[in-house]
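Okay, thanks for coming, everybody. I'll put the model up on the screen, and then we'll walk through it together, starting from a single residue and working outward.

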Amino acid sequence: MSSTLMIQLFVFMLAGFVGFQTISRIPPLLHTPLMAATNAISGISLVASLAVAGSAQGVLATILGTIAVGCAVANVVGGFLITDRMLAMFRRSKDKSNRGENGND
Amino acid sequence: MTETFIQFAYLVAAFLFITALRALGHPDSARRGMHSAALGMLVAIIATLFEARIITYEWIALGAVAGAVVGYPLGMWVPMTAMPQRIAFSHAFGALAATLVGVAEYLHSYGEAGLSAAQMTALGFEVLLGALTVTGSIMAFAKLQGLLPGRPVTFRFQNMLNLVALVFVVILLMALIYDPYRVDLFFVIVCVSAAIGISLILPIGGADMPVVVSLLNSYAGLAAVATGFAINNNILIIVGALDGASGFILSIAMSRAMNRSFSNVLFGAFGSSSVVATGTESEGGEMAQVSAEDAALRLAFAGKVVVVPGYGLAVAQAQHQARELGDLIEKRGGEVRYAIHPVAGRMPGHMNVLLAEAGVPYDKLIEMDEINERFHETDVAVVVGANDVVNPAAGSNPASPIYGMPILNVSDSRSVIVLKRGTGRGFSGVENDLFFHSKTTMLFGDAKQSLIDLAVEVKGA
């Protein structure tokens, strides 16, 4: 087993752990924006698609890569836009109806 | 030098993504957090364009423009009610990108670079998970969009067949690791995985979709992790792990809220859930009916009102009417809160988004555990299009198929008004004792129309 692979396994484990810790703290209120956000962020597979589309490895690879770039960019653009649109809708109520007991969120 | 620069940019991107997820922990910071995530994405993409492997940019530009043209409407024009299918659709996109990269990398390495066992394993999992997620997500999309019948499509030995197919794929993968140059096997894996994706989602009914959409999120993330292993890219491993963890956590939360076991979710075996209801005979005699005028009168003079929106409200798209009714009650001095069950709506947290869009401030959207402590001081609970999530049998009747499912304890409040289309049963087919409770009165009719009627009467009261 190469040392690169070993390091990658460590990265995977630690990132998974960080993910569990961080995401468990996200309230159900924001679970739909969370899914849209992870969708947008998962567009990072673009970095792999770019390398395939741009490295001139032959017609087939270029076509597959270009489609992959299109899919990933669609996720990045659409994902960030819709997450922002959604989060912009979450507003706190104006002070009038705050009667003390619901200020603890 | 360039390589160091690229890796450093990825490090920055990873940091920004994790901070973004942290910021999503609170609605006030969430939006800002996502802006930094978008910045992280930009940094990562620009850095990648400097990679030595990339020698032509025409095709990249073509793909990017096409993607942006498709992505913009997906981001700006899709209505909030269509979020579940929108998300399922983009899972398919993400997984398709992973699968295509996997195929291209395999063919490339096959041609010149050669394949180590580790690389082959990663590529194998990449196309396996990728292809499965592509077809699964498209199926989920079609069901949610109503292109396919939402009801479960089942046949005998379905789970057995899926399992056999999965074992078959894994055996092929092992053969391929032993001899990476069997191109035919590689494409058989892609095709069989795609078929598994279809047959995995086929038996799942519309109301189970929150679990499925989360699970596909997780699979898409794991496909990205496999890509990262295959092409030695840490940022892909990190983001894929975050994505996978997110989908995993959400599917567990959803399955818990729907009373399904963990393993049931993990292996996607929801097909066995079509339980025939037991003990369907009602115990409590007659439902008490109420007119819109009387119900409105009670709401108009109530001090504390809790609205319990359910799947039916989302189907009727009556969230604006619910908010208008709430506003009118508040104008008369009452206090209105909204009780959100985790599986209200069609995906995790969907009901919150629908109500937020209708203009309900988020601090009035109260989660199940918190609102359950408040029902005993509630004057009127208004149940709109919810059934199983308010069924007391979940807590009291061990023979009930939904026993153990966490519910909203609306019967703790002083009185309950249930807005319901007819006398039928909920998704689980279980009779709901709440409807026969002495505190409960029923207002029959279409949810949207009933809410409009109530609002008119409250205004006039």
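So, let's start with B:Asp363, which is partly exposed: 19 other C-beta atoms sit within 10 Å. The cut-off for buried is 20 or more, and that's why this residue, with 19, gets called partly exposed. Keep in mind, by the way, that this is a predicted model.

Where does B:Asp363 sit? You'll find B:Asp363 in the loop that runs between helix 14 (350-357) and strand 3 (365-367) of chain B. If you want a second landmark, take B:Lys448: from B:Asp363 it's 85 residues along the sequence, and 24 Å through space, going C-alpha to C-alpha.

Okay, zooming out to chain B as a whole. We have 17 helices and six strands there. The C-alpha atoms of chain B fill a box of roughly 80 × 50 × 35 Å along the principal axes. Chain B has a radius of gyration of 25 Å, and a compact globule of 461 residues would come in near 23 Å, so the two agree. As for burial, 55% of the 461 residues of chain B count as buried. And if you take the contacts in chain B between residues at least 6 apart in sequence, 80% of them join residues at least 24 apart.

Now the domains. Chain B splits into domain 1 (1-67), domain 2 (80-273) and domain 3 (292-460). Between domain 2 and domain 3 of chain B, the C-alpha centres are 36 Å apart. Their contact uses 17 residues of domain 2 of chain B and 18 residues of domain 3 of chain B. On the domain 2 side, helix 4 (83-113), helix 8 (209-230) and helix 9 (234-257) of chain B each put in at least two residues. What's that side made of, by class? On domain 2 of chain B, the residues touching domain 3 are 14 nonpolar, three polar and no charged.

Last stop, the partner chain. Here 94 residues of chain B are in contact with 81 residues of chain A. Several elements of chain B give two or more residues to that side, among them helix 1 (2-23), helix 2 (27-49) and helix 3 (58-76). Helix 14 and strand 3 of chain B, which we met at the start, are in that group too. The largest share, 15 residues, comes from helix 4 of chain B. By class, the side of chain B that touches chain A has 62 nonpolar, 21 polar and 11 charged residues.

That's the tour, thanks!

Terms used: Residues are numbered from 1 along each chain as its sequence is written. Chains are lettered from A and ligands numbered from 1 in the order in which they are written. This is a predicted model: local features need pLDDT of at least 70, side-chain atom pairs count only at pLDDT 80 or more; totals for chains, interfaces and linings use all residues. Domain bounds come from an automatic or database domain assignment. Two residues are in contact if their C-beta atoms, placed from the backbone, lie within 7 Å. Helices (H or I, at least four residues) and strands (E, at least two) are DSSP runs, numbered from the N terminus. Ala, Val, Leu, Ile, Met, Phe, Trp, Tyr, Cys and Pro count as nonpolar, Asp, Glu, Lys and Arg as charged, and the others, Gly among them, as polar. A residue is buried if 20 or more other C-beta atoms lie within 10 Å of its own, exposed if 12 or fewer, and partly exposed in between; C-beta atoms are placed from the backbone. The radius of gyration is taken over C-alpha atoms; the globule rule is 2.2 Å times the number of residues to the power 0.38.
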